[in-house]
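Here are some comments on the model, set out as numbered points. Please read them with the structure open beside you.

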Amino acid sequence: MHYKAVPLSLMLLLCTSLSFAQSPIQSSESMPSLMRMDPEKSILKNTESSKNHQMLLAVMRASDLEEILGQSGPFTVFAPSDTAFEKLSKAKIDELLLPENKKELQSLMRYHIIAGNFSASKILKAMCRGAGKASFTTVQGDEITASMQGLDIILTDNLGNTARITTADYNQCNGVIHEIDSVIRPSKI
């Protein structure tokens with residue numbers, strides 16, 4: 001009985017301390033472009049000005065989600081960086097961007113979005129309530145699971161692929177962006 005309380009206490013302490021550690025830093029020109037996002041602008045507008053998310057912007061446009069991400073909300077977007085997209089083959093990316101593959105591309109993009117404004121601290125609190133894991137339903141309709149690996153929040157898709165949140169809590173006027181290091185997928189691509 002005594003040993004079960006210790007891991008729960010450690011998880012609560014971790015959740016509390018990480019919620020403060022995940023805050024974004026807004027400042028100088030030497031910071032990555034994601035860190036200079038304007039919280040008064042939409043997810044779309046900030047993605048347009050980000051030098052690290054040009055492929056994500058191309059996917060948003062090709063999947064006809066720019067209007068939604070430019071106005072509606074709130075949304076939480078797990079935004080793959082250009083480096084994350086480079087993990088997919090160039091041929092697959094080119095194929096996805098073809099007009100005849102719009103439905104597949106929409107499914108892929110929607111798999112990176114959950115309805116609501118989920119800061120890193122809210123994700124951590126949900127994980128605390130879920131004994132170290134929390135599931136979130138994407139706007140595409142499938143679930144992704146958040147868990148901890150060391151001090152990192154890891155997202156796992158329905159195929160077991162993972163993505164690490166590398167930069168968290170960039171507030172937008174219509175939600176929040178968390179940069180991730182891999183593309184999460186609703187199906188094998």
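1. In what follows, a residue is called buried if its relative accessible area is under 20%, exposed if over 50%, and partly exposed in between. The model is a predicted one, and the points below should be read with that in mind.

2. Along β3 the side chains alternate, with Ala 134 and Phe 136 pointing to one face and buried, whereas Lys 133, Ser 135 and Thr 137 point to the other face and are not buried. For Phe 136 the relative accessibility is 8%, which is why this residue counts as buried.

3. A search of the whole structure finds 1 aromatic pair, and this pair is formed by Phe 118 and Phe 136, whose rings meet edge-to-face at 5.3 Å centre to centre with 70° between the planes. Because Phe 118 lies in the loop between β2 and α8 while Phe 136 belongs to strand β3, the pair ties together parts that are 18 residues apart in sequence. Phe 118, at 24% relative accessibility, counts as partly exposed.

4. Strand β3 pairs with β4 (residues 143-149) in the antiparallel sense over 5 bridges, and in this pairing Phe 136 stands opposite Ile 144 of β4. The hairpin of these two strands has 5 residues between them, and there Gly 141 takes a positive phi near 110°.

5. The open sheet has 7 strands in the order β2-β1-β7-β6-β5-β4-β3, with mixed pairing. Since β2 and β3 stand at the edges, each with a single partner strand, one side of each is left without a neighbour in the sheet. Neighbouring strands are turned by 30° against each other on average, direction ignored.

Conventions. Residues numbered from 1 in each chain as written. Predicted model: local features only at pLDDT ≥ 70, side-chain atom pairs only at ≥ 80, totals over all residues. Heavy atoms only, no water. Phe/Tyr/Trp six-rings, centres within 6.5 Å; stacked < 30°, edge-to-face > 60°. Helix = DSSP H or I, 4+ residues; strand = E, 2+ residues; numbered from the N terminus. Buried < 20%, exposed > 50% of the residue type's maximum accessible area, 1.4 Å probe, protein only. Pairing = 2+ DSSP bridges. Axes fitted to C-alpha atoms, helices over the stretch in contact; angles between N-to-C directions.
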